[in-house]
Amino acid sequence: MTVNPVREVEHEITVRAAASDVFRLIAEVENWPNVFPPSVYVDHVERTGDRERIRIWATANGEAKSWTSRRELDRTALRITFAQEVSSPPVSMMSGTWIAEPLDDGSTRLRLLHTYRAVDDDPAGLEWIDKAVERNSRSELASLKASIESITEHAELTHSFVDSVLVDGAAADMYDFVNEAHLWTERLPHVAAVKLTEDTPGLQVLRMDTLTKDGSSHTTESVRVCFPRHKIAYKQTTLPALMSLHTGYWLFEEGADGVTTASSQHTVRINEANIAKILGPAAGVDEARAFIREVLGTNSRATLDQAKRYAEARR
């Protein structure tokens, strides 16, 4: 019996929100890293009306991948069709559709359709894609449901903030300091151990042990997307217990006068179930927000300050 080399699969979930809100969140790709667990960073390559090309960096079966997709938005039918323009092996072709269907009770039936094929119709490659699509589709739909329902019911659990410094030095040198994370144990007192892998140029996996003020440490792992001399975007894939989401970026903007504004941005979602266990029974969301802001901000400012010294010394 010959196995059909082209797969067509569908997944769905019911979301407790209006179909228009569900459609909007999927359409706004800049929010994807905060909504979909596999998504690390998404950027527009070009956009004309409701047709666009987007570049996506994401994880699949534990591996970091990148591809370019074309999308077309049908705002009346609440449908978004997509097709990978440049796929990453073992995928040779991938397309699909998001469909947001309003239900009578005000909720939404969200359907996600995929059609795909493996390079050279390799059965092992097809099996790899099957697993990735199954895992990512279920994860994406569940996370989208949780995110939209959290936005409407528990907006206080999501928190974003930025720390910045002015540097009398080049953006390229600031970028190099952050990009060269394999040297952080030598350069940053709060980093106890670090492992950096970069199998694809500009796409890194960073695992490190970070020290807090009380001397304790926690282990995190992030996927980082690097845009030389300008920006490093990341998403933590191994998180501290107090957070269910942590995304962010390092941004380096050099002015005509040679002064660089270097910024560290964070977006976190608090894991409310772990607040009492981590901060004590009297703590609530406000205490968790303040604690996370202090811990992440302290480490970011320490990194920015060390990078500033590095860049200014090289001027």
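Tutor: Before we start, keep in mind that contact means heavy atoms within 4.5 Å. This is a predicted model, in which local features need pLDDT of at least 70 and side-chain atom pairs count only at pLDDT 80 or more, while totals for chains, interfaces and linings use all residues. Residues are numbered from 1 along each chain as its sequence is written, and side-chain values use heavy atoms, with hydrogens and water left out.

Student: Okay, so which residues is A192 in contact with, leaving aside its neighbours within four places in sequence?

Tutor: Those residues are T185, D209 and L211.

Student: And where is A192 found?

Tutor: A192 lies in strand β9, which covers residues 191-200; strands (E, at least two residues) and helices (H or I, at least four) are DSSP runs, numbered from the N terminus.

Student: How far is the C-alpha atom of A192 from that of M208?

Tutor: The two C-alpha atoms are separated by 7.4 Å, although the residues are 16 apart along the chain.

Student: Is A192 buried or exposed?

Tutor: With a relative accessible area of 47%, A192 is partly exposed, since buried means under 20%, exposed over 50%, and partly exposed in between, using a 1.4 Å probe and protein chains only.

Student: Switching to the whole chain, how many helices and strands are there?

Tutor: The protein chain has 7 helices and 14 strands.

Student: What about burial, what share of the 315 residues is buried?

Tutor: Buried residues account for 47% of the 315.

Student: And what box do the C-alpha atoms fill?

Tutor: Taken along the principal axes, the box is roughly 65 × 50 × 40 Å.
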